[in-house]
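Student: Could you go through this structure with me before I head back to the bench? I have a handful of quick questions.

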Amino acid sequence: MITEFITSLLTPAPKWSKHMGFLNESIAIEARARRCREVWKPHQQKTKESILDAIKACDRTRTILVVGSGSCLDIPLTELARIFERVILVDIIHPLKAKKHGFNHVTHITLDITGQMEALYHNPTSLPEFYVPDLYHDFSDIDFVLSLNLASQLPIMPIKYLMHKSSLDENILNQFAKNLIKAHFLWLSGFKCPTALICDKTWEKLDLSGKTIEIDDPLYGLIPQKNTWEWYWDVAPAYETGTEFTHRNRVGYWSNFRFIDSDNIIAWSDIQNNKR
Ligand SMILES: C[S@@+](CC[C@H](N)C(=O)[O-])C[C@H]1O[C@@H](n2cnc3c(N)ncnc32)[C@H](O)[C@@H]1O
């Protein structure tokens, strides 16, 4: 507890992101990663293998942009630093430990990749219009862009914040959550260089016999297109949940990801009618 408190004081983050819970969430993820070190290893390994597979599509290796780098536990950082002239790691919070790698050409940029969180913090009762950011689209030396275990996380903190600060209807919140993810996919698809998407496809709850008893769609009906690989991430074993249930995520890797119209399989009207 004391370590986590000191970490929260020392980790740089703008006031709005602290108040929206991003810093606490990042510290909580680090603590969970420590407790679940062994069971998370296969997922981290498969993520690293996917990244190394995805970058084979690069003709040039000047700059790689990684969004969702966080604690860097699922990034083959040494290999990327060897292959690329510059590695840009983007996250809304960079844990202090993630910066201790010793590579001068690996930079950490603290940035909200949706471009909407600060406005939402100041005005939680009126939701921003659907908006696709163009961050980094004009960097001509970027040769690869990776969205790393991030997409399904994008709505979590803003939705918690909105539930606390506004009385917006659940359907409106669902649509806002979906828009954040869709805008991220469109942003990723806006690069001319090769890209990769690694993100949760399902969130599953299992009983202790291993039977799946609940499946949630963290992508709100987006992306039916086939992924390159997929695997299970045992995200919370029983000792972590403290219950008779465990949680696992099905994680997908899409090499050279491009969002297409047919990826939006559930229409807004269906969400309004609670058909999700
Ligand atoms: C599941 S973690 C990714 C795992 C991470 N690569 C690791 O090794 O720990 C999701 C990451 O997304 C980041 N994130 C969430 N919302 C974000 C946003 N709007 N902009 C940028 N990063 C965001 C979180 O801070 C967190 O580090």
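Tutor: We can take the strands, the core, the ligand surroundings and one tyrosine in turn, keeping in mind that this is a predicted model.

Student: OK, strand 1 then, how many of its residues are buried?

Tutor: In strand 1, which covers residues 63-67, 5 of the 5 residues are buried, so this strand is largely enclosed by the rest of the structure. T63, L65 and V67 point one way while I64 and V66 point the other way, and residues on both sides are buried.

Student: And which way does strand 2 run next to strand 1?

Tutor: Strand 2, residues 86-91, runs parallel to strand 1 and is joined to it by 5 bridges, with R86 as the bridge partner of T63. Together with helix 5, residues 77-83, these two strands make a right-handed β-α-β unit.

Student: What about strand 4, how does that pair with strand 1?

Tutor: Strand 4, residues 142-148, also pairs with strand 1 in the parallel sense, over 5 bridges, and there the residue opposite T63 is I142.

Student: Changing topic, which residues have the most contacts inside the largest nonpolar core?

Tutor: Those are V66, L146 and A196, in a core that has 51 residues. Helix 8, residues 170-189, gives the most to this core, with 7 residues.

Student: What does L146 touch?

Tutor: Leaving aside residues up to four places away in sequence, L146 touches I51, A54, I64, V66 and A196. There is also a second, separate core of 7 residues, and L23, I92, I93 and L120 are among them.

Student: Now the ligand, which residues come nearest?

Tutor: Of the 22 residues around the ligand, the nearest are G70, S71, L73, I92 and I113. By character, the shell divides into 11 nonpolar, 8 polar and 3 charged residues, and its largest share, 3 residues, comes from helix 3, which spans residues 22-35.

Student: Last one, Y232: where is it?

Tutor: Y232 lies in strand 7, residues 229-236.

Student: Why is Y232 counted as partly exposed?

Tutor: Y232 has 14 other C-beta atoms within 10 Å, and because a residue needs 20 or more to be buried and 12 or fewer to be exposed, that count falls in between. Y232 touches R248 and R250, not counting residues up to four places away in sequence, whereas the C-alpha atoms of Y232 and H108 are separated by 29 Å, with their positions 124 residues apart along the chain.

Note on methods:
Residues are numbered from 1 along each chain as its sequence is written. This is a predicted model: local features need pLDDT of at least 70, side-chain atom pairs count only at pLDDT 80 or more; totals for chains, interfaces and linings use all residues. Helices (H or I, at least four residues) and strands (E, at least two) are DSSP runs, numbered from the N terminus. Two strands pair if DSSP finds at least two bridges between them. A crossover is right-handed if, with the strands pointing away from the viewer, the path from the first strand over the helix to the second runs clockwise. A residue is near a molecule or strand if its C-beta atom, placed from the backbone, lies within 6 Å of it. Ala, Val, Leu, Ile, Met, Phe, Trp, Tyr, Cys and Pro count as nonpolar, Asp, Glu, Lys and Arg as charged, and the others, Gly among them, as polar. A nonpolar core is a set of buried Ala, Val, Leu, Ile, Met, Phe, Trp, Tyr and Cys residues joined through C-beta atoms within 7 Å. Two residues are in contact if their C-beta atoms, placed from the backbone, lie within 7 Å.
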